Amino acid sequence: MIRARTRSPGETREMAAALAELAQPRDLLLLVGDLGAGKTTFAQGFAAGLGIAKQVTSPTFTLASEYRGRLLLNHLDVFRFEQIAEVFDLDLYELLDGHGVTLIEWGDAIRQTLPADYLEAALIFSDDEHLAPDERVVVLTPVGSRWQSRQDALAAAVDPWAEDSSPRKKPSV
Ligand code: ADP
Ligand code: MG
């Protein structure tokens, strides 16, 4: 488990872009967190990190959006699914078998139907954590060998946003 902290939407995008540089074909990421936590913001930065110029929007009403960059990006949001069975309408397994990277917002809702080989990125905003309105704690949990083998690289990628880092360590973009 790797913890980081961002202090603005821009920082969340930059951090996600840094993670995207580690992405490989057939990677799966579950984006977890309450409404407004920053899952779509993370997806936007991740897409930018893959060299996708097109604006990434919430896929809530389109089920899945596809973007072309260094790798193909499949962006899904399963928030509105009332039944896990609906996921099968998406050809989810075809997506996961393809050459792209798949990001699933609210992915924890369908965790038991997914291969146990993914990176979970949980975005947390909560009074309990004593966070300012624009602060988020980001907890990265690699599940399975694909991402566990990249644990050191993951830690290095988010090091500028490590929870205990001073602001001046961050890239000034
Ligand atoms: P979700 O997809 O999880 O529902 P969004 O990414 O759509 O969330 O929205 C997150 C909202 O929180 C945006 O309005 C964004 O500008 C704001 N925000 C404030 N601080 C941050 C931060 N540190 N990281 C991400 N989003 C933030
Ligand atoms: Mg969203």
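In which loop is the place of R26? R26 sits in the loop between helix 1 and strand 2 of this predicted model. Its phi is near 75°, a positive value in a residue other than glycine. Most residues other than glycine have a negative phi. With a relative accessible area of 36%, R26 is partly exposed, because buried requires under 20% and exposed over 50%.

The elements on either side of that loop belong to a fold built around one sheet. Seven strands form this open sheet, in the order 1-7-6-2-5-4-3, and the pairing is mixed. Strand 1 (2-6) and strand 3 (64-68) are the edge strands, each pairing on one side only. On average, neighbouring strands of the sheet are turned by 20° against each other, direction ignored. Strands of a sheet pair through backbone hydrogen bonds, either parallel or antiparallel. At the strand 3 edge, the pairing with strand 4 (residues 72-77) is antiparallel and runs over five bridges. A64 has L76 of strand 4 as its bridge partner. Helix 1 (residues 9-20) packs on the sheet, where it touches strand 1, strand 6 (118-124) and strand 7 (136-143). The direction of helix 1 makes about 145° with that of strand 1.

The nonpolar interior comes next. In soluble globular proteins, nonpolar side chains tend to be buried together. Here the largest nonpolar core has 34 residues, and F42, F46 and L73 are those with the most contacts inside it. Elements that each supply at least two residues of this core include strand 1, helix 1, strand 2 (28-32), helix 2 (39-49) and helix 5 (151-157). Helix 1 gives the largest share, five residues. F42 touches T12, M15, A16, L19, L29, L31, A121 and L123, not counting residues up to four places away in sequence. A second, separate core of 18 residues includes L76, L90, L92 and W106. L76 is thus named twice, as a member of this second core and as the bridge partner of A64.

W106 is found in the loop between strand 5 and strand 6. Like R26, W106 is a residue other than glycine with a positive phi, in this case near 65°. At 16% relative accessibility W106 counts as buried, whereas R26 is partly exposed at 36%.

Which protein residues are the donors of the magnesium ion (ligand 2)? They are T40, through OG1, and E105, through OE, lying 2.1 to 2.2 Å from the ion. T40 is in helix 2 and E105 in strand 5, 65 residues apart, and the pair links distant parts of the chain. Both donor residues, T40 and E105, are buried. The side chain of E105 also makes a polar contact of 2.7 Å with that of H75. H75 lies in strand 4, and its relative accessibility is 0%, so H75 counts as buried.

Strand 4 also holds D77. Is D77 buried or exposed? D77 counts as buried, because its relative accessibility is 3%. A polar atom of the D77 side chain lies 2.9 Å from the backbone nitrogen of F79. The C-alpha atoms of D77 and L30 are separated by 9.9 Å, with their positions 47 residues apart along the chain counted as the sequence separation.

Note on methods: Residues are numbered from 1 along each chain as its sequence is written. Chains are lettered from A and ligands numbered from 1 in the order in which they are written. This is a predicted model: local features need pLDDT of at least 70, side-chain atom pairs count only at pLDDT 80 or more; totals for chains, interfaces and linings use all residues. Side-chain values use heavy atoms; hydrogens and water are left out. Two strands pair if DSSP finds at least two bridges between them. Helices (H or I, at least four residues) and strands (E, at least two) are DSSP runs, numbered from the N terminus. Axes are lines fitted to C-alpha atoms, for helices over the stretch in contact, and angles run from 0 to 180 degrees between N-to-C directions. Contact means heavy atoms within 4.5 Å. A nonpolar core is a set of buried Ala, Val, Leu, Ile, Met, Phe, Trp, Tyr and Cys residues joined through side-chain atoms within 4.5 Å. Buried means under 20% relative accessible area, exposed over 50%, partly exposed in between (1.4 Å probe, protein chains only). Donors are N, O and S atoms within 2.8 Å of the metal (3.2 Å for Na, K and Ca); water is not among the atoms, so sites may look incomplete. A polar contact is a pair of N or O atoms within 3.5 Å; within protein, one must be able to donate a hydrogen and the other to accept it, and residues adjacent in sequence count only if both atoms are side-chain atoms.
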